[in-house]
Amino acid sequence: MSTSVMDRAARATPPPVAKQIKGLSDRAIAWIFVAPTIIILLAINIFPLIWTIYLSFTNYAVNRPNRDVSFVGLRNYERILSDEGTWATMQATAHFLIWTIVIQVLIGFTLAYLINKKFRGNDLWTTIIVFPMMLSPAVVGNFWTFLYQPQIGLFNYVVSFFTGADPSSFSMIASVDLAPWAIIIVDTWMWTPFVMLICLAGLRSIPDSIYEAAECDRASKWRQFWTITIPMILPFLMLAVLFRGIENFKMFDLVVQLTGGGPGNTTTLTSIDLKREAFEKWRTGFSSAYAVILFVTVFGLASIYVKALNKVKAR
């Protein structure tokens with residue numbers, strides 16, 4: 001059937017076009033198929049990046065298109081790097097990033113290690129644990145906003161049950177001290193299953209013969225864990241840290257749903273600060289420089305981390 005379709009397509013091709021196609025080399029034909037993808041990539045990714053870098057050296061404001069655009073050099077970068085508010089935002093982002101990664105890796109690896117042990121209801125528990133990461137961040141944000149309500153939220157009553165504190169005496173999303181941890185808890189609840197799946201894949205990739213050889217050498221379970229399991233799953237753990245680090249560095253929607261960056265600027269992450277500069281204050285040149293700094297930071301740290309990951313994998 002496919003042959004007949006090709007024959008009909010060949011007969012329908014005009015003779016001049018058919019002659020041109022027959023004269024093309026394999027490389028030229030390959031470029032014909034690849035060119036649309038390259039053009040789309042340039043239009044969607046490369047051009048906006050170059051345009052953003054250009055705007056970062058100007059005083060351009062998108063809400064004032066008729067104003068003369070002047071070249072300001074590195075002034076935008078100097079203002080960002082010397083602004084105390086920017087560094088406070090960076091600190092809040094680092095606090096969120098470090099604690100979410102640490103907690104998610106510890107809990108995710110523990111869950112993966114337990115699920116890897118075959119037991120009754122294994123598949124059911126795996127499905128239940130993975131369920132939060134299937135939800136939309138907007139749904140998760142609204143759901144946990146309701147749970148965090150001091151008067152009717154279930155979270156405060158659970159804390160009260162274990163600590164004896166009055167449920168209405170504290171608010172997770174309205175307290176300066178508790179709001180950052182409220183976001184960390186929600187992000188951990190939602191994305192720990194992702195880390196668990198990566199760790200589970202790593203655990204199940206370890207050949208059973210290695211453990212059998214260790215048992216023949218009378219190695220204890222504890223020694224097997226530290227000398228076999230941890231070294232062989234370490235690349236998977238590092239990969240999970242890389243993915244979650246990049247995603248949490250640009251966290252936006254979940255924080256907006258829960259706290260909106262408040263109270264005050266306690267939970268204002270770099271992504272939220274960048275959005276305010278670009279689409280509330282309309283400082284396009286300034287926000288472009290801000291975006292370039294964040295891009296260089298993420299790209300640089302990720303590149304260094306990937307080199308370390310490759311060294312671990314090569315051992």
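## Notebook: helices, pockets and a few residues

Started with residues 90-305: the chain there is 74% helix and 0% strand, and the end C-alpha atoms sit 19 Å apart. I picked that range because UniProt, in an unreviewed entry, lists it as "domain: ABC transmembrane type-1". I'm working with a predicted model here.

**Confidence.** I checked pLDDT before going further. The mean for the protein chain is 86, and 92% of its residues reach 70 or more. Helix H1 (residues 2-12) is where confidence is lowest, at a mean of 56. H9 has the highest, at 94.

**Transmembrane spans.** From the record again: UniProt's unreviewed entry puts "transmembrane region" at residues 28-54, 96-115, 127-147, 178-203, 224-246 and 288-306. I looked at two of them. Residues 96-115 come out as 100% helix and 0% strand, with 28 Å between the end C-alpha atoms. Residues 288-306 are likewise 100% helix and 0% strand, and their end C-alpha atoms lie 26 Å apart.

**Largest pocket.** Next I went looking for pockets. The largest has a volume of about 350 Å³. I count 14 lining residues, and Asn116, Lys117, Asp208, Tyr211 and Thr229 are the closest to the centre. Helices H5 (84-116), H9 (179-204), H10 (208-216) and H11 (221-249) each give two or more residues to this lining. By residue type I get five nonpolar, three polar and six charged.

**Second largest pocket.** This one has a volume of about 300 Å³. I wrote down the whole lining: Ile246, Phe249, Lys250, Thr270, Ser271, Leu274, Ala291, Leu294, Phe295, Val298 and Phe299. Two or more residues come from each of H11, helix H13 (270-279) and helix H14 (284-314). H14 has the largest share, with five residues. The split by type is eight nonpolar, two polar and one charged.

**Cysteines.** I searched for disulfides and found zero in the structure. I then looked up two cysteines. Cys199 has 0% relative accessibility, so I filed it as buried. Cys216 went down as exposed because its relative accessible area is 65%, and the cut-off for exposed is over 50%.

**Val292.** What element holds Val292? I found it in helix H14. Buried or exposed? Val292 is buried, because its relative accessibility is 13% and the limit for buried is under 20%. I also took the distance to Trp222: Val292 and Trp222 are 70 residues apart in sequence and 47 Å apart in space, C-alpha to C-alpha.

**Met134.** I found Met134 in the loop between helix H6 (122-130) and helix H7 (137-147). Its relative accessible area is 59%, so Met134 goes down as exposed. For a partner I tried Met190: Met134 and Met190 are 56 residues apart in sequence, and their C-alpha atoms are 8.5 Å apart in space.

**To keep in view.** On the pockets, my page now reads: about 350 Å³ with six charged lining residues for the largest, and about 300 Å³ with one charged lining residue for the second largest. On single residues, Cys199 and Val292 are noted as buried, while Cys216 and Met134 are noted as exposed.

Key: Residues numbered from 1 in each chain as written. Predicted model: local features only at pLDDT ≥ 70, side-chain atom pairs only at ≥ 80, totals over all residues. Heavy atoms only, no water. 1 Å grid on protein atoms, 1.4 Å probe; cavity = no way out; pocket = protein on both sides within 12 Å on 5 of 7 lines; lining within 4 Å. Points joined across faces, edges and corners; volume = space filled by probe spheres on them. Helix = DSSP H or I, 4+ residues; strand = E, 2+ residues; numbered from the N terminus. Nonpolar A, V, L, I, M, F, W, Y, C, P; charged D, E, K, R; others polar. Disulfide = S-S within 2.5 Å. Buried < 20%, exposed > 50% of the residue type's maximum accessible area, 1.4 Å probe, protein only. pLDDT = per-residue confidence, 0-100.
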